[in-house]
Amino acid sequence: MKQLSLRHCGMLTFVFLCCIGCTDHVIPPDPEVETTITTLETQLNYKPENFYIFGARLEVVGSKSIKEIGIVYSLRFLNNPSFHAIPTLADTKVVSETNPGQIDNYRTGRNLPVSSFEKMYYRAFAILEDDTVVYGNVLEYIWYDTAVIEAESPVFLNGFLFGKMNVTDLGGLPIAEYGIVYSYINNDGETLADFPTLADNKLTFDLPVSLGFHSKVIPIAKPKRMNARSYVKYQNGVIEYGKSLAGASF
């Protein structure tokens, strides 16, 4: 076998080193990050009538910018089986008017033309810069003959903080629990929930429910500010929050 000359060996070594040098300086592209979005529970306001507040949470802002964000929904009626349990953009959509690239949580409203549907299926969506559509989780809203219970502004009287509510309609569903959910702060800079839920604090009132005004001591010291609203938990497990936000400063 013919031996390589020193010149040939030197050339091969140079080519090999060049290949290694080129490989070392290759910068891999950044991995693409996918946008993820979560659907928030829908809230029903009675004024204006049949006004539904939809919400979504932008969990991860991906590599591609977002052009449009909102909610898609499909209604199921008692005598009409035409609906989609997994709604898409082919159904009805509610678009958020807020710049989707500037916020993580948002809500937007829509006045539905009907109120006597059996169930609403809905989920969040985001349309990316390349027209790719990202969907959130599907949630259901069940319409019932519900009670009308609204929170009144909390008051501080004789050294006690009172939560108040007004029951104007008992509805047609058995009630398992009802009361007030509230959020409060003692100092500026602390977080005050705009729409308190059962994940915050609750004050439960005694059963059975009766019409009229009710009040009960909230077992905390006088706060600086507080937001409260009513809640009802029915025996079928459905939880409904009141339409009125009762705020107070002390």
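Here is a chat about salt bridges and exposure in this predicted model.

Biologist: What makes lysine 64 and glutamate 32 a salt bridge?

Modeller: Their side chains come to 3.8 Å, N to O. The cut-off is within 4 Å, so the pair counts. The two residues sit in distant parts of the chain, 32 residues apart: lysine 64 in the loop between β2 and β3, glutamate 32 in the loop between α1 and β1.

Biologist: And why is glutamate 32 called exposed?

Modeller: Glutamate 32 has 56% relative accessibility. Exposed means over 50%, so the label fits.

Biologist: Why does lysine 64 count as partly exposed, then?

Modeller: Lysine 64 comes out at 22%. Buried would need under 20% and exposed over 50%, so lysine 64 lands in between. By the way, Glu32 and Lys64 are also linked with Asp130 in a network of salt bridges.

Biologist: What about aspartate 206 and lysine 216, why is that a salt bridge?

Modeller: The N to O value is 4.0 Å, and the rule asks for within 4 Å, so this pair is counted too. Aspartate 206 lies in the loop between β12 and β13, and lysine 216 in strand β13, ten residues apart.

Biologist: Is aspartate 206 buried or exposed?

Modeller: Exposed: its relative accessible area is 60%, and the bar is over 50%. Lysine 216, at 30%, is partly exposed.

Biologist: How do you know that arginine 57 and glutamate 59 form a salt bridge?

Modeller: Their side chains meet at 3.7 Å, N to O, and that is within 4 Å. Arginine 57, at 32%, is partly exposed, and glutamate 59, at 41%, is partly exposed as well.

Biologist: How many salt bridges does the rule give?

Modeller: The count comes to ten.

How values were computed. Residues numbered from 1 in each chain as written. Predicted model: local features only at pLDDT ≥ 70, side-chain atom pairs only at ≥ 80, totals over all residues. Heavy atoms only, no water. Helix = DSSP H or I, 4+ residues; strand = E, 2+ residues; numbered from the N terminus. Buried < 20%, exposed > 50% of the residue type's maximum accessible area, 1.4 Å probe, protein only.
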